[in-house]
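Here are some questions about how terms are applied to one structure, each with its answer.

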Amino acid sequence: MQQLRWGESWYWGPLTAAEARRVLCLALEGSFLMRDSSSPDNLLILSVKTSVGPTHIRICYSAGRFSFDSSVLAKPKLQSFKDAMALIQFYSLTMSVSKDPAVHVKLIKPLYVSVLTLQHLCRLIVNGSTRQVSALPLPIRIKDYLLKYPYVQV
């Protein structure tokens, strides 16, 4: 599996389901994006291109944890995480959100709302290579930039 680069640019904000569907129709299976939920009961939606077309999965927030929405019977079997990024990272590594053979949801490639800058890509690589950015022999200004976005790929 391709190493994923995590960044804020695959969060599309207030995108509607129809708009997400249009964007994902042209994408490869496994492409995904995160967007705001239009429902007051949920914060976020993960929109994914599956083998049968785009689908949308609600992300729930309860008791300080994020998880995918599911039926009452399946809910105890789902993992929950301290933040939405950890949820997406986990399921991108396990390669499947659904155990239903009819719809196999694979999270392979984030669909970016914009092209990442070279500066940000470098920050992702540095943060993914070390947890000790402060100890690197770099100017303070660059260290500050690196530390403003500490997210790494898993």
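Q: What makes a set of residues the largest nonpolar core here, and which residues have the most contacts inside it?
A: A nonpolar core is a set of buried Ala, Val, Leu, Ile, Met, Phe, Trp, Tyr and Cys residues joined through side-chain atoms within 4.5 Å. The largest such core has 17 residues, and Leu46, Ile59, Phe68 and Ile88 have the most contacts inside it. Helix 2 gives the largest share of this core, four residues. Another core, of six residues, lies apart from it and includes Leu15 and Leu33. The model is predicted: local features need pLDDT of at least 70, side-chain atom pairs count only at pLDDT 80 or more, and totals for chains, interfaces and linings use all residues. Residues are numbered from 1 along each chain as its sequence is written, and side-chain values use heavy atoms, with hydrogens and water left out.

Q: Why is the pair of Asp69 and Arg58 called a salt bridge?
A: The term requires a side-chain nitrogen of Lys or Arg within 4 Å of a carboxyl oxygen of Asp or Glu. Asp69 and Arg58 meet at 2.6 Å, N to O, so the pair fits the definition.

Q: How do you know that Lys82 is exposed, and what is Asp83 called?
A: Buried means under 20% relative accessible area, exposed over 50%, and partly exposed in between, with a 1.4 Å probe and protein chains only. Lys82 has 61% relative accessibility, so Lys82 counts as exposed. Asp83, at 24%, counts as partly exposed. These two residues form a salt bridge, with the closest N and O atoms 3.2 Å apart.

Technical notes. Helices (H or I, at least four residues) and strands (E, at least two) are DSSP runs, numbered from the N terminus.
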